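Student: I have a new model open on my screen, and I'd like to walk through it with you. Shall we begin?

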Amino acid sequence: MVKFINVSKKYPNGVLALSDVTLTIDKGEFVFLVGSSGAGKSTLIKLLLKEIDPTEGEIIVGEYNLNKLPKKEIPYYRRKIGIVFQDFRLLPNKTVYENVEFAMQITGAPSKLIRRQVPFVLSLVGLAHKAKCYPHELSGGEQQRVALARAIVNKPTLLIADEPTGNLDPDTSWEIMKLLEDINKRGTTVLVATHAKEIVDSMRKRVVAIDRGKIVKDQPKGVYSYEASDAQVLLQRWI
Ligand SMILES: Nc1ncnc2c1ncn2[C@@H]1O[C@H](COP(=O)(O)OP(=O)(O)OP(=O)(O)O)[C@@H](O)[C@H]1O
């Protein structure tokens, strides 16, 4: 589904944000991407969205080799990926329904399909009753649910969440992560960049940790902290 093959990214100012990253994410996986501030998580996501290009290496997403993707096809490629951000990014002058509807309209979806699909995803995220509200009438958690509905309405094969709970309280953060898990269980591959240590530790999903541009840990059913793996390494040396 997603392949990074020996990918490096050096920004024009000389910062090496990613260094020789090789990573495979299979179809249907749920992956947490963790790492301290400046580790390279956003760079990895920007590369996936083809907002930036790697200095070296190859990135493959589904049937797309991003290195070979012509500029005019980038918008079509991006429509196959759902994305949610920390700051929700809803259109303030559109209602909840219209925000989600708009994401389908720009793909040229037929109105009959839109009328069926929008209420479906809104009920999936538990917001059917808020369809006529505007974003400013919603709580942060509700706004993030709308953003999630919008991200999945076109049935993406990959859903990326960049620090989706960064602006939310702990209980609401849990609700959003559980929703991401539900979406994953319905078949969508999910990649979540997060600092939410407690949630990562208790959900026991695959955890990929980046530190200074390198993958330093890739654990199935993993935990957030590096200490755990350091401890394991120490233990292994002792045994
Ligand atoms: N446009 C840019 N030009 C130059 N350097 C950049 C640029 N964007 C990011 N960097 C640098 O690249 C490194 C990785 O940054 P990145 O934004 O990928 O980290 P991050 O893990 O997403 O951090 P955070 O958790 O704070 O969002 C950092 O040293 C950062 O300063």
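Student: Happy to start at the ligand: which helix gives the most residues to the shell around the ligand?

Tutor: Keep in mind that this is a predicted model. The shell includes K41, S42 and T43. A single helix spans residues 41–48 and gives 3 residues to the shell, the most of any, and that is helix 1.

Student: Nice! Which class has the most residues in that shell, nonpolar, polar or charged?

Tutor: The ligand is surrounded by residues including Y11, N13, V15, G35, S37 and G38. Sorted by class, there are 4 nonpolar residues and 1 charged residue, against 7 in the class you are after, which is polar.

Student: Now the sheet: why is one side of some strands left without a neighbour, and which strands are they?

Tutor: The open sheet has 6 strands in the order 6-7-8-3-9-10, with mixed pairing. The strands at the edges each have a single partner, so one side of each has no neighbour in the sheet; they are strand 6 (81–85) and strand 10 (214–219).

Student: And which residue stands opposite F30 in strand 8?

Tutor: Good one to look up. Strand 3 (residues 30–34) runs parallel to strand 8 (residues 189–193), and 4 bridges join them. Opposite F30, in strand 8, you will find V190.

Student: Last one: at about what angle does helix 6 run to strand 8?

Tutor: Helix 6 covers residues 170–185 and lies across strand 3, strand 7 and strand 8. Helix 5 (residues 140–152) lies across strand 6 and strand 7, at about 165° to strand 6. For helix 6 and strand 8, the angle is about 155°.

How values were computed: Residues numbered from 1 in each chain as written. Predicted model: local features only at pLDDT ≥ 70, side-chain atom pairs only at ≥ 80, totals over all residues. Pairing = 2+ DSSP bridges. Helix = DSSP H or I, 4+ residues; strand = E, 2+ residues; numbered from the N terminus. Contact = placed C-beta atoms within 7 Å. Axes fitted to C-alpha atoms, helices over the stretch in contact; angles between N-to-C directions. Near = placed C-beta within 6 Å. Nonpolar A, V, L, I, M, F, W, Y, C, P; charged D, E, K, R; others polar.
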